Amino acid sequence: MPGRSDVKMKEYPAAMLENPQTTFEKMNALEVKTREAAVTVAELKLLQAKVQECYFREGVNHFQNCEHLAREYMNFIMSEKFRKADP
């Protein structure tokens, strides 16, 4: 499994994201929203892969042994973070 990146993206001021005035601020706000949506989708894909792996590994016992992963997946989908991921 590949390691995590040490790259840190700079955060934009909240005022600039909520009420962009210039074209530059609007483009930056769009970039931030798009980046956050991409990260959310990547998190969802990782959870989905964990659930699928558990289902295949456990076979007929997947209802009992993979319940915690399925609940985590469903909680993520139902969370406000996932609903706001649409750029």
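The following paragraphs lead through the fold of this protein, from the whole chain to single residues.

The structure is a predicted model. Its mean pLDDT is 81, and 76% of the residues reach 70 or more. Confidence varies along the chain: the lowest mean, 61, belongs to helix H1 (residues 14-18), while helix H4 (residues 67-78) has the highest, at 92.

The secondary structure consists of five helices and zero strands, so that the pattern read along the sequence is α-α-α-α-α. Of the 87 residues in the protein, 20% are buried. The exposed surface comes to about 7400 Å², and carbon and sulfur atoms supply 58% of that area. Among the contacts with a separation of 6 or more, 43% are between residues 24 or more positions apart.

Helix H2 offers a convenient place to begin a closer reading. This helix has 36 residues and covers residues 23-58. From its first C-alpha to its last it reaches 53 Å, close to the 52 Å expected at 1.5 Å a residue. Several of its residues are buried, including Asn28, Ala29 and Val32, and, further along the helix, Leu44, Leu47, Val51 and Cys54. Lysine 33 also lies in H2, but it counts as partly exposed because its relative accessibility is 48%, a value between the limits of 20% and 50%. The C-alpha atom of lysine 33 is separated by 9.2 Å from that of lysine 84, although the two residues are 51 residues apart along the chain.

The next feature is a covalent link. A search of the whole structure finds one disulfide, and this bond joins cysteine 54 to cysteine 66, with an S to S distance of 1.9 Å. The pair links distant parts of the chain: cysteine 54 belongs to helix H2, whereas cysteine 66 is in the loop between helix H3 (62-65) and H4, and twelve residues separate them. The angle about the S-S bond is -90°, and the link is left-handed. Cysteine 54 counts as buried because its relative accessible area is 1%, which is under 20%. Cysteine 66 is buried for a like reason, since its relative accessible area is 1%.

Between the two cysteines, the chain leaves H2 and enters H3. Just after H2, glycine 59 takes a positive phi of about 65°. The backbone oxygen of glycine 59 lies 2.7 Å from a polar atom of the side chain of histidine 62. Histidine 62 has its place in helix H3. With a relative accessibility of 17%, histidine 62 falls under the 20% limit and therefore counts as buried. Beyond its neighbours within four places in sequence, histidine 62 is in contact with Tyr55 and Glu67.

A second histidine may be set beside this one. Histidine 68 lies in helix H4, the helix in which confidence is highest. Histidine 68 counts as exposed because its relative accessible area, 51%, is over 50%. The C-alpha atoms of histidine 68 and valine 51 are 9.2 Å from each other, and these residues are 17 residues apart along the chain. Valine 51 is one of the buried residues of H2.

Methods:
Residues are numbered from 1 along each chain as its sequence is written. This is a predicted model: local features need pLDDT of at least 70, side-chain atom pairs count only at pLDDT 80 or more; totals for chains, interfaces and linings use all residues. Side-chain values use heavy atoms; hydrogens and water are left out. pLDDT is the predictor's confidence in each residue, from 0 to 100. Helices (H or I, at least four residues) and strands (E, at least two) are DSSP runs, numbered from the N terminus. Buried means under 20% relative accessible area, exposed over 50%, partly exposed in between (1.4 Å probe, protein chains only). Contact means heavy atoms within 4.5 Å. Accessible areas come from the Shrake-Rupley method with a 1.4 Å probe; for residues, only the protein chains shown count as cover. A disulfide is a pair of cysteine sulfur atoms within 2.5 Å. The expected span of a helix is 1.5 Å times one less than its number of residues. A polar contact is a pair of N or O atoms within 3.5 Å; within protein, one must be able to donate a hydrogen and the other to accept it, and residues adjacent in sequence count only if both atoms are side-chain atoms.
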